[in-house]
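Hi,

Here is the structure I said I would pass on. Have a look at it first, and my notes follow underneath.

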Amino acid sequence: MMSMTFGVSSSVTLLFDFWDVHGPAGMVLSVLVVLLLTVFYELLKVWRVWLDRNCKLAQAQSPYAVPPSYRSDSSSVLHGSPSVSSLTPMEPQPPSRNTRNSWLLHGIQAVLHMLQVTLGYMLMLCVMSYNTWIFLGVIVGSVLGYFISFPLLSQI
């Protein structure tokens, strides 16, 4: 039966049978890999927020966002009023390129979400190996990833 307490051993099996660590060199390499995976996980979160902002920006720039009757180029006060503009027939416009781009961004965001969830569960399973070094690698990777990626959000 597997131990349910944290240990400081240099031998552990992570995620798959082929990732069997024996010795300090293998443990250092495994901690480094787990740390980098955790940094990548944090970067994925920021990338998804960035794509979400771009998707919303693309939708806001769509020609459907502001009706033509409310645009600032109208010279008459009555022309811009809702009662007159609702009587004016509007011809349907084909879907714009921005609409197609927003669907593409949404699809990319869905794939990134799937990747983020998968990576999150894999990191959770690494922590559940109850190896202290692997646990510390996940924690340090999370702090490092947050430190690197989240200041980028204010610049986006």
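Let me start with Val143, which sits in helix H4 (residues 132-155). Keep in mind that this is a predicted model. Val143 has 54% relative accessibility, so it counts as exposed, the cut-off for that being over 50%. It also belongs to a nonpolar surface patch, together with Phe6, Val8, Trp133, Phe135, Leu136 and Ile139. The accessible area of that patch adds up to about 640 Å².

Next, the charged side chains. How many salt bridges does the count come to? Just one salt bridge turned up, and it pairs Lys45 with Glu42 at 3.2 Å, N to O. Both residues are in helix H1 (residues 24-60), three residues apart, or about one turn of the helix. Are the two partners buried or exposed? Glu42 is at 5% relative accessibility and therefore counts as buried, since buried means under 20%. Lys45, at 27%, counts as partly exposed.

As for the overall picture, the protein chain has four helices and two strands, and along the sequence they run β-β-α-α-α-α. Of its 156 residues, 26% are buried. The accessible surface of the chain is about 10,800 Å², and carbon and sulfur atoms account for 70% of that. Taking contacts between residues at least 6 apart in sequence, 74% link residues at least 24 apart.

That's what I have for now.

Cheers

Key
Residues numbered from 1 in each chain as written. Predicted model: local features only at pLDDT ≥ 70, side-chain atom pairs only at ≥ 80, totals over all residues. Heavy atoms only, no water. Salt bridge = Lys/Arg side-chain N within 4 Å of Asp/Glu carboxyl O. Buried < 20%, exposed > 50% of the residue type's maximum accessible area, 1.4 Å probe, protein only. Patch = residues over 30% accessible without salt bridge, like charges linked within 9 Å, V, L, I, M, F, W, Y side chains within 5 Å. Areas by Shrake-Rupley, 256 points an atom, 1.4 Å probe, with all protein chains shown as cover. Contact = heavy atoms within 4.5 Å.
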